[in-house]
Amino acid sequence: MEDCMNRFERSTIILSLIEELRKKGSWCGDTHIQKAVFFLQELFGVSAGFGFILYKHGPFSFDLRTEIRAMQADRFLTLEPTPPYGVSLNRIKKGEDLMRDFSDFLNAYDIQIGFVAEKIGDMWVSNLEKLSTALYVTREQQKKDVEFRAKYMHDLKPHITLTDARSFIKKIDVLVEESKTV
Amino acid sequence: MTSEIHEFCDPIHTFIRLDSDERKIVDLYPFQRLRNICQLALCYLIFPGATHKRFEHSLGVMELAGRVFDVITNPFNIHSKVKKIVPKKKELEYWRRVLRVAALCHDIGHSPFSHTAESDLLKEGGHELMTVKIIKSNIFKKIWKELKLKSDDIVKIAVGQEKIQKFSDLKFSDWEAVLSEVIIDDALGVDRMDYLLRDSYYTGVVSGRFDHFRLIDTIRILPREDYNSGEPALGVEEGGLRCVEALLLARYFMYSQVYFHHVRRIYDLHLKDFLKSLFPNMMPDKINEYLKLTDNEILVEIYKASRDNNNSSYKEACRIVKREHYKLLYKGNREDEEISINALTLIFDEACKKFGKENLRFDERYIKGGKEDLPVLIKDGRIMSALMCSKVLNDIPPVKTNYIFASRDIYSKAEKWLDVNRKKILNKNKKDR
């Protein structure tokens, strides 16, 4: 089903993430949505067809970035400066209408979206980068121990210290286990 | 070994200078081939001056890349927190060469008529994959050895992280990521700078211009302190922010007036139809066969087909050669989208039922890329996101196409039909929901 998501279905997933992240205290910048979609995909297999690569601030999807811009063109959301944080994504009326029209579709993903929002909703960008990079590395270097993955992560992103890398690799292992119970 | 400096006269940059080693790359066939690939495909059918080629564009990108490199590596311009990623003086000469060569070769893998049918006729990886293959081929091996350049470094910087990771596991250091941004970055990339200026000049659409001199002068490598991250990225000093706005406004104007012009779009669709009939099994991906294809070979086939009404591609060819292109029947608009979110699709589906799918074409495209969230060095030393400093950058609207085209055979009937039935179609969907 996920591979066949159409444009409106993808938009509702993104809008729903924005809504849930806001409820958890997030200011919902572009980075938050990027990482939230990444977690949704990697933890629960909810794939809207966005390919992620390791880029600035960790895993990033250029397709998702274009999609968000398209949603802005379609007037499902706006991007507004939110001092002192950055530019935040805001769902607007047409986006709400879209979510209402696709409520049956969204119901299937309520729990997974809620889980992701709960876990990362109150995180700052720097920690989001570390946590999502830890997940990316863990997926790429499956069955490798914490120390190996932490060093790999530090080598990929030298500005993330080895200590931080270790800490976030351990956090992601816990998160992955918790997601299996959802 | 003495090296000469060669000069090309160029209407955009006045002079483009390169040394004898770079000249050797220009003289090779894969680069000379770009003399026969139009930058804007069939856009010259709407803007008669738009006959410029990828050849001069690539030279222009090389020229600008060298200028940006000199600015960002000037010791006076290096921010203290990114000093550690900038190579030592001895290595800088190597990286300057790599950057200029990468800029020169960044489009070397383009198919005929540029982007027109890329997604349908090239394997996944598109022209970037062909660029990598060509750069790493035997044609260039000797020259890279002679110039002591690593082909991996060139391909990384020429193609960039986004595209190269689709078909390679090459990893980028922070420095390499910054260098690839010099060419391909959304806001500050010299590829965009050159094509906007060049396309504006040759189409005659003046609103594509901006002050690239001042912009380049203010480019810096900055740490992303606005995101509490030490990661370096290309940004500008505060004095260059207006130039960034001008560039992105120029981009908006060029997209809405040229690249997404409705007649341009329908010609692209007709050309795509023709190319798909010419290459039913996709374009060749063996380098020697691929490099034989330029716009010239395709145009010959188009003209041949248009003169032979037994040719299977006769109709597609006539649409291009005899200006029998489909006409714009409907353009999406806010009023209709308020009634139904997918107004365009609904009208297209109903029109197809009425007039037959072969008589209609649908075009919905969005401008690629996201909001240009580059770092800006404020006068007091803080680094902020450009989107926090500039209302203009926040308010530039994203551009999209939302067109339905109809063949001339049914156009008058379709126009009348739409006039009578449009509201009914949109409201029917509302009721059904």
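Which residue of S4(B) does B:Pro223 stand opposite? In this predicted model, B:Pro223 stands opposite B:Pro232 in strand S4 of chain B. The two residues belong to a pair of strands, and that pair is a suitable place to begin.

Strand S3 of chain B covers residues 219–223, while strand S4 of the same chain covers residues 232–237. S3(B) and S4(B) pair in the antiparallel sense, over 5 bridges. From S3(B), the residues B:Ile219, B:Ile221 and B:Pro223 point one way, whereas B:Arg220 and B:Leu222 point the other way. Residues on both sides are buried. Because 5 of the 5 residues of S3(B) are buried, the strand is largely enclosed by the rest of the structure. Buried here refers to a relative accessible area under 20%.

The discussion now turns from a strand to empty space. Rolling a probe the size of a water molecule over the atoms shows where empty space is left. A search of the whole structure finds 4 cavities of 30 Å³ or more. The largest cavity has a volume of about 120 Å³. Its lining consists of 18 residues, and A:Arg7, B:Glu337, B:Ile341, B:Glu364 and B:Lys400 lie nearest its centre. Among the elements that give two or more residues to this lining are helix H1 (7–23) of chain A and, from chain B, strand S6 (360–366) and strand S9 (400–406). Helix H19 (343–355) of chain B is also one of these elements, and H19(B) provides the largest share of the lining, 3 residues. Sorted by class, the lining of the largest cavity has 7 nonpolar, 5 polar and 6 charged residues.

The second largest cavity has a volume of about 70 Å³. Residues of chain A and chain B line this cavity, including A:Arg69, B:Leu248, B:Arg251, B:Tyr252 and B:Glu372. Helix H13 of chain B, residues 241–259, gives the most to the lining, with 3 residues. The lining of the second largest cavity divides into 7 nonpolar, no polar and 3 charged residues.

Aromatic rings offer a further view of the structure. Over all chains, the structure holds 23 aromatic pairs. In chain A, the residues A:Phe38, A:Phe39, A:Phe52 and A:Tyr136 form one aromatic cluster. Rings in chain B also have charged partners. B:Arg35 lies over the face of B:Phe55, at 3.9 Å from the ring centre. The charged end of B:Lys156 sits over the ring of B:Phe172, 5.7 Å from the centre of that ring.

Key. Residues numbered from 1 in each chain as written. Chains lettered and ligands numbered in written order. Predicted model: local features only at pLDDT ≥ 70, side-chain atom pairs only at ≥ 80, totals over all residues. Heavy atoms only, no water. 1 Å grid on protein atoms, 1.4 Å probe; cavity = no way out; pocket = protein on both sides within 12 Å on 5 of 7 lines; lining within 4 Å. Points joined across faces, edges and corners; volume = space filled by probe spheres on them. Helix = DSSP H or I, 4+ residues; strand = E, 2+ residues; numbered from the N terminus. Nonpolar A, V, L, I, M, F, W, Y, C, P; charged D, E, K, R; others polar. Buried < 20%, exposed > 50% of the residue type's maximum accessible area, 1.4 Å probe, protein only. Pairing = 2+ DSSP bridges. Phe/Tyr/Trp six-rings, centres within 6.5 Å; stacked < 30°, edge-to-face > 60°. Lys NZ or Arg CZ within 6 Å of the ring centre and 35° of its normal.
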